[in-house]
Structure formats: structure tokens, C-alpha cells
Amino acid sequence: LTQYTDYSLRVLIYLSQKKQGELATSSEIADFYGISRNQLVKGVHNLATNGFILTLRGKHGGMKLARPATEIGVGEVVRKTEPNFYIAECFNKSNTSCVIIPICALKNMLFEARTNFLQTLDRYTVATALIPEHGLLEKIDIKLVK
């Protein structure tokens, strides 16, 4: 997966641990994970555009989940954040430079693998993306207090 998708999933996981209605900022999330705020903001915009989060601008603005974490599928997020799934050159219909395309079976194998990958992710939600006993919520609270 791209860094873009990774960061988008991290945003959703972080927001899933906030109290209902409580907002988080891009800076807060970037600081928590130790990642670039600028990179994170691109993902946040896409998450809002695709209805995963709600954003509020202004001094007391921030973001929160648009629906419960139990209703946000990991596969759905990956599909909306990955620009394409061109596992190999031949997946891109506009690029037909490979000379073995007419006789190659690899594309079918990779297509099957990609399908299985996404079907596996479809079995999970953002709510199931954390091991509850490890308490990310407490880590968020501790890090914010510092």
C-alpha cells in the first residue's frame, strides 16, 4: 500500500479512539504518529471527500468520524485511497508495451491475488484494526497531556 493509504488508515484508527463527538486536528494526529502533517492533510481531504470523516474549519475546528468505526470497512478505505492497483505493468490498459501479454498467465494470478487481498480487508472494519487490550486511547490521552 502507498504511504497515502497508510496515513489515511492511521487517521481513521486514531479518530475511532476519540470520545464520540470529540474533534482531533491534523497536527495532533501527525504529532501522535510522528509523521508529516503535510502528507497527512492530503489523506484527510480525501477521507472527507469520500464521507469517512467530517471536518470543521476554524479556531475550534478539527475532524471526527462521519459514521461509527464499526461501519467503515478497511477494504472500502483502501479502494478509495489507492490510486490504482497496477500490481504489474499489464494491469494498466493504456500501457501495453510488454511483449508477452498475449501468452502471459501471470496477470491472472496477480489479479486473483489482488482480489483475495481486498476480500480479506473487506472482512475488517476500522473498529477491529486495534487490539483493544493495548489501549491506544490511553496512549492518545497520555501523549496529549505531555
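**Helix α3 and an aromatic cluster**

At the N-terminal end of α3, Ser36 acts as a cap, with a side-chain oxygen 3.3 Å from the backbone nitrogen of Asn38 (a polar contact is a pair of N or O atoms within 3.5 Å, one able to donate a hydrogen and the other to accept it). This is a predicted model, in which local features need pLDDT (the predictor's confidence in each residue, from 0 to 100) of at least 70 and side-chain atom pairs count only at pLDDT 80 or more. Residues are numbered from 1 along each chain, and side-chain values use heavy atoms.

The chain averages a pLDDT of 88, but helix α6 (residues 136-145) has the lowest mean among the elements, 56. Where pLDDT is low, the predicted coordinates should not be read in detail.

Helix α3 covers residues 37-49, and the 18 Å between its end C-alpha atoms agrees with the span expected at 1.5 Å a residue (1.5 Å times one less than the number of residues). Leu40, Gly43, Val44, Asn46 and Leu47 of α3 are buried (under 20% relative accessible area, with exposed over 50% and partly exposed in between, for a 1.4 Å probe). Seen down the axis, these buried residues fall within an arc of 165°, so they line one face of the helix, whereas Asn38, His45 and Thr49 on the other side are exposed.

Tyr14, Phe32 and Tyr33 form one aromatic cluster (ring centres within 6.5 Å; planes under 30 degrees apart are stacked, over 60 edge-to-face and the rest tilted). The rings of Phe32 and Tyr33 have centres 5.1 Å apart and planes at 80°, so this pair is edge-to-face.

Technical notes:
Helix = DSSP H or I, 4+ residues; strand = E, 2+ residues; numbered from the N terminus. Arc of directions from axis to C-beta. Phe/Tyr/Trp six-rings, centres within 6.5 Å; stacked < 30°, edge-to-face > 60°.
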